[in-house]
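Reader: I am new to protein structures and would like to walk through one with you. Could we take it step by step, with questions as we go?

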Amino acid sequence: MEMSEQRKIRVVVAKPGLDGHDRGAKVVARALRDAGMEVIYTGLHQTPRQIVETVIQEDPDVLCLSILSGAHNAIFPRIMELMGENEIDDVLILAGGVIPEADRAELKDLGLEGFHGPGTPLKEIVDYIRNHLKR
Amino acid sequence: MEIQALVDKFKVGNRRALSRLISLAENGFKDARLISKELFPLTGNAYILGITGAPGTGKSTLTNKLVQLIVENGERVGVIAIDPTSPFSGGALLGDRIRMKDNYTNQNVFIRSMANRGRLGGMARATKDVITIMDAFGFDYIIIETVGVGQSEVDVYGTAHTTLVLVVPGMGDDIQAFKAGIMETSDLFVVNKMDLDGANKMVMEIESMLDLNQKVEVSRSKYENSAMEQQSWRPPVQKVNARRGNGIPALWEQIMSHRHHVESKGVLECKQLNRFKNELLDILEERFKLQIDQILDPKENPSILEDIRAITERKANPYSIAEKLGKRVIESLENGA
Ligand SMILES: Nc1nc2c(ncn2[C@@H]2O[C@H](COP(=O)(O)OP(=O)(O)OP(=O)(O)O)[C@@H](O)[C@H]2O)c(=O)[nH]1
Ligand SMILES: [Mg+2]
């Protein structure tokens, strides 16, 4: 008798770093909404602590990080460290933006799962999420 | 079982357990019921503020400022920010947090975004459950930011201790549209964006509407007992600039004097009566609805196909079948299904 249709995929879309526009993140957020997900959009310039606090408070199934500034090597590890401190291990973490191929292996080791660079068809991201949920 | 473990963590102040319990309550009636059983006894201490107003009037921006003031006073606050679910996709874009950045990492603040999941009015089905959970966690204040469309103020007024209605300069026509009823569903008017032209005019328009309404409405009140409240409380009108913070301390004083009014004159009993009556109605509707859905679902109840065939062949009429099914609904409720 559980109303399973009440279960919605929740996604936090966050934009860490200092670069000044979030058009890409907004496009992704809208596409996920149109695919029936509940998307919490948090705006620009998020610090790792703000992002992880948002994850604690919003309890998403998925965290999408959008990044363009190349700061991923500092920011992602810090986010993962804070996730670990808070014992959060059942959230699917995706990254979008420009991340050089060479850096991806290292980030994967840290727990980042999907990479979706600019120009990835939105449907691909939606499908990826549906197929990789951790709970 | 999972719930019990979460409740244990919750009781020692674990914020992630708080967050998980909210998700569980949001996603299922059964879990909401279990959670209420565990946590409702711990509630009754939080003061609930409702914030409503048309889209873009500044509800989130104002919430951000009120949250800041509350934590500066050394108190703890939970925020429930509700946005509409898209009727087309069933998805939602929840953007209220964008305006609340100042307080993301404060451990005395907990902000939760909610989609209304198609429920009419300004709140979600599970908003009442989130209130219970936040209250039990020990927040001194809970702020509900409603969906800013339709008659959301009616809904939140039935739940909150103090309801703030936001308007902005240039909304004079909307004020006219409020007409009767507005006295019944607001405790305080906030004219936000006082930096824009027309704020004083807006204040005057509301005041004169209040002058008019006060005379006619006391006698024909839709809200039970609220006639009594109205006689002794005229909603103040406060100008603010929520972005910069002008007028916020004065607004807080108004909120506190309304709180004093609520807590000192038996108004609280009226509010509680309305609140829990609404809540019971919600729960009963959902409980029956679940059972009804089950009985109408051929996978759960194959004989429904015969019942419907009897109707299409004109051997039975819809009312008689509904009567029969209604009895089965009640039976299955009694069996605790
Ligand atoms: N000029 C001015 N702009 C303001 C003020 N307060 C809020 N705003 C702006 O108004 C816009 C809407 O503010 P929000 O707080 O998102 O409004 P809201 O009522 O929460 O909107 P929804 O949740 O979408 O219904 C933002 O761009 C704010 O910066 C104010 O006092 N003056
Ligand atoms: Mg808002």
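Author: Gladly! Let us begin with a term: two strands count as paired if DSSP finds at least two bridges between them. Please keep in mind that this is a predicted model.

Reader: Then which residue stands opposite A:Ala95 in S5(A)?

Author: Strand S4 of chain A covers residues 92–97. Three bridges join this strand to S5(A), and the two run parallel. Looking across from A:Ala95 into S5(A), you meet A:Phe115.

Reader: Which strands are the edge strands of that sheet?

Author: The sheet is open and has six strands with parallel pairing, in the order S5(A)-S4(A)-S3(A)-S1(A)-S2(A)-S3(B). An edge strand pairs on one side only. That description fits strand S5 (114–116) of chain A and strand S3 (92–94) of chain B.

Reader: A helix lies across strands here, so at what angle does helix H1 of chain A run to S2(A)?

Author: Helix H1 of chain A spans residues 23–34 and lies across strands S1 (10–14), S2 (38–41) and S3 (62–67) of chain A, together with S3 of chain B. Its direction relative to S2(A) is about 160 degrees.

Reader: Now for the other sheet: why is one side of strand S4 and of strand S8 of chain B left without a neighbour?

Author: This open sheet in chain B has seven strands, paired in parallel and ordered S4-S2-S5-S1-S6-S7-S8. Strands S4 (109–115) and S8 (237–239) of chain B stand at its edges, so each has a single partner strand.

Reader: Which residue does B:Val190 stand opposite in S8(B)?

Author: Strand S7 of chain B, residues 188–191, pairs with S8(B) in the parallel sense over three bridges. Across from B:Val190 in S8(B) is B:Gln238.

Reader: What share of its exposed area does the protein bury for ligand 1?

Author: Among the 16 residues around ligand 1, those that come nearest include B:Thr61 and B:Asn241. A side-chain N or O atom of B:Thr61 is 2.5 Å from an oxygen atom of the ligand, and for a polar side-chain atom of B:Asn241 the distance to a ligand oxygen is 2.7 Å. Taken alone, ligand 1 exposes 660 Å², and the share buried by the protein is 80%.

Reader: And which residues are the protein donors of the magnesium ion?

Author: The ion is ligand 2, and its protein donors lie 2.1 to 2.2 Å from it. B:Asp96, one of these donors, also has a polar side-chain atom 3.0 Å from an oxygen atom of ligand 1. In sequence the donor residues follow the spacing S-x35-D-x48-E. They are B:Ser60, B:Asp96 and B:Glu145.

Reader: How many residues apart in sequence are the parts that B:Ser60 and B:Glu145 tie together?

Author: B:Ser60 lies in helix H4 (residues 59–72) of chain B, while B:Glu145 lies in strand S5 of chain B. The pair therefore ties together parts whose separation in sequence is 85 residues.

Definitions and conventions: Residues numbered from 1 in each chain as written. Chains lettered and ligands numbered in written order. Predicted model: local features only at pLDDT ≥ 70, side-chain atom pairs only at ≥ 80, totals over all residues. Heavy atoms only, no water. Helix = DSSP H or I, 4+ residues; strand = E, 2+ residues; numbered from the N terminus. Near = heavy atom within 4 Å. Polar contact = N/O pair within 3.5 Å; in protein donor to acceptor, adjacent residues only side chain to side chain. Areas by Shrake-Rupley, 256 points an atom, 1.4 Å probe, with all protein chains shown as cover. Donors = N, O, S within 2.8 Å, 3.2 Å for Na, K, Ca; no water. Contact = heavy atoms within 4.5 Å. Axes fitted to C-alpha atoms, helices over the stretch in contact; angles between N-to-C directions.
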